[in-house]
Amino acid sequence: MTRLKKLLRNLGPGLLFASMAIGTSHLVLSTKAGAQYGWLMAIPIILANIFKYPFFEFGVRYTNLTNKTLIEGYLNRGKGWLWFYAILTLITTFTILAALYTVTAGLFINLFKVSEVSITLVALGLFGLISSLLIIGRYRFLETSLKFVVTILFIALLITTVLVIYKGQVATVEGFNPPVLFNDAGILFLISLMGWMPTTVEASSWISLWSIEKWKTQKSKPTLKESLQEFNIGYFMTAILAIFFLVIGSMTLYGTGTELSGNGVIFADQVVSLFTTHIGSWAYIFIAVSAFATMFSTCMTAHDAVARVSIDIIDLLAPKVQLQGKKSYFAIGVLLLASINFIVIAMFAANMGQLVALATFVSFVVAPIVGYMNLKNVMSNDITEENKPSKWLQYLTYAGIIFLSVFSIYYFYIVLFAG
């Protein structure tokens, strides 16, 4: 089998990671970063992708070498580690999916011009559709469909970015003063951006679960090198697309004085209409497809992952239960998540900003802790010495932990003292 055929055969977990990551952090936060602060925000986006890389790489490495999920690794380190991750998963269960579905519902309303329908009702329809697809199709359908979706998404975004650059920078309004980045508001936005760039660190365990599901569909398990190569392609794609959204936001909105709304429907209308105003109404389809495909695929992958992780945690905390591998329990998990997050959306009255802020804050604060937990997994006796991360990757991990910790400490300083 040629190298290309092997790579295509192994495509799966890394692709799902890319699809899941290219969501709120990209469409909402990267676009907003470019719109408010311009090209300067490329620096924190690149730094976040670099410093968080080892945290996700360890998820692929640990699972490939041990045939265990990262979550099982946490239990091997001690039950307290697993309980910490369980509590973190519980918190994100009530925020991440609700935030993702809210943005997607807003885009749907804008795309199909159904403003008379409430965002809550559209979200309910999306929960029903995606839950059905996950329950009926399971992992194989998820992987197959996302290969198609991600390809369309990448092409549409590439075309949109090229068109935006070709058209040139939008005219700056008279008297425009660039906003200050290094003040309280700017730092808080940086924390939100890097909290979900490229995605939440706790999603590292999602990749390990997808890897195990992928291997069930193959005759042989890929080598560590092959698994890392497949993951690296997905990770690099998420970084490139984050820059695409930044460019689009900067070229079309920076200097116009326009503030992107926290309301899902208004935000979607701003994103699509302002881009088409700048490029031309004929480009509407590229922008609309890019935006909606981005969020729909993210909803699918995140919903699937949180359901799998929840079941895995329950199995490990209560070994006699054993829900994993039983279709009926996976279906219950998917539907339960849909119900919980629909209630959250209804309660928040479609205020996407609050949901995203809460979810990104939690993700950012715990990121260095989860990163350290992942490092302990791959440096443990579960993995042989020759397969442990190289020295440079270990150093990068510590640098990432320090980098994220400093911002977290500064955030608490702002809240407790400067506020």
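The expected span of a helix is 1.5 Å times one less than its number of residues. Keep that rule at hand for the first exercise. The structure above is a predicted model, and these exercises walk you through it.

**Exercise 1. Find helix H9 and compare its reach with the expected span.**

Step 1. Go to residues 184-195, which make up helix H9 and number 12.
Step 2. From the first C-alpha of H9 to the last, the reach is 16 Å.
Step 3. The rule, at 1.5 Å a residue, also leads to 16 Å, and the helix comes close to that value.
Step 4. Now look at the cover: nine of the 12 residues of H9 are buried, so the helix is mostly covered. Among them are Phe189, Leu190 and Ile191, along with Gly186 and Gly195.

**Exercise 2. Describe the protein as a whole: which elements does it have, and how much of it is buried?**

Step 1. Start with the elements: the protein has 16 helices and zero strands.
Step 2. Turn to burial: 58% of the 419 residues count as buried.
Step 3. Consider the outside, where the accessible surface is about 17,200 Å² and carbon and sulfur atoms hold 68% of that area.
Step 4. Look at contacts between residues at least 6 apart in sequence: 86% of these join residues at least 24 apart.

**Exercise 3. Which residues have the most contacts inside the largest nonpolar core?**

Step 1. The largest nonpolar core counts 129 residues.
Step 2. Met41, Tyr85 and Trp206 have the most contacts inside this core.
Step 3. Follow Tyr85 outward. Leaving aside residues up to four places away in sequence, Tyr85 touches Ile71, Tyr74, Glu202, Ser205, Trp206, Val309, Ile313 and Met373.
Step 4. Trp206 is also one of the buried residues of helix H10. That helix is mostly covered, with 11 of its 13 residues buried.

**Exercise 4. Where do the partners of the salt bridges lie, and are they buried or exposed?**

Step 1. The structure holds five salt bridges; three of them are worked through here.
Step 2. Glu57 pairs with Arg61, their closest N and O atoms being 2.7 Å apart. Both sit in helix H4 (residues 42-66), four residues apart, or about one turn of the helix. In an α-helix there are 3.6 residues a turn, so residues three or four places apart point the same way. Both Glu57 and Arg61 are buried.
Step 3. Glu213 pairs with Arg308, with 3.6 Å between the closest N and O atoms. This pair links distant parts of the chain: Glu213 belongs to helix H10 (residues 204-216) and Arg308 to helix H13, 95 residues apart. Glu213 and Arg308 are both buried. Together with Asp304, they are linked in a network of salt bridges.
Step 4. Glu385 pairs with Lys388, the closest N and O atoms being 3.4 Å apart. The cut-offs are over 50% for exposed and under 20% for buried. Glu385 is at 60% relative accessibility, so it counts as exposed. Lys388 has a relative accessible area of 13%, so Lys388 is buried.

**Exercise 5. Are Lys52 and Ser227 buried or exposed, and what does each touch?**

Step 1. Lys52 lies in helix H4. Its relative accessible area is 1%, and therefore Lys52 is buried.
Step 2. Beyond residues up to four places away in sequence, Lys52 touches Met194, Gly195, Trp196, Met197, Pro198, Thr199, Val201, Tyr235 and Leu404.
Step 3. Compare sequence with space: Lys52 and Gly371 are 319 residues apart in sequence, while their C-alpha atoms are 8.0 Å apart.
Step 4. Ser227 is part of helix H11 (residues 224-253). At 9% relative accessibility, Ser227 counts as buried. With residues up to four places away in sequence left out, Ser227 touches Val60, Asn64, Trp215 and Pro222.

**Exercise 6. Which residues form the nonpolar patch on the surface, and which elements give two or more of them?**

Step 1. The patch consists of Phe148, Ile152, Ile285 and Val289, which together have about 350 Å² of accessible area.
Step 2. Helix H8 (119-167) and helix H13 (284-317) are the elements that give two or more residues to the patch.
Step 3. Take Ile152, in helix H8. Its relative accessible area is 34%, which means Ile152 is partly exposed.

How values were computed: Residues numbered from 1 in each chain as written. Predicted model: local features only at pLDDT ≥ 70, side-chain atom pairs only at ≥ 80, totals over all residues. Heavy atoms only, no water. Patch = residues over 30% accessible without salt bridge, like charges linked within 9 Å, V, L, I, M, F, W, Y side chains within 5 Å. Areas by Shrake-Rupley, 256 points an atom, 1.4 Å probe, with all protein chains shown as cover. Salt bridge = Lys/Arg side-chain N within 4 Å of Asp/Glu carboxyl O. Buried < 20%, exposed > 50% of the residue type's maximum accessible area, 1.4 Å probe, protein only. Core = buried A, V, L, I, M, F, W, Y, C linked by side-chain atoms within 4.5 Å. Contact = heavy atoms within 4.5 Å.
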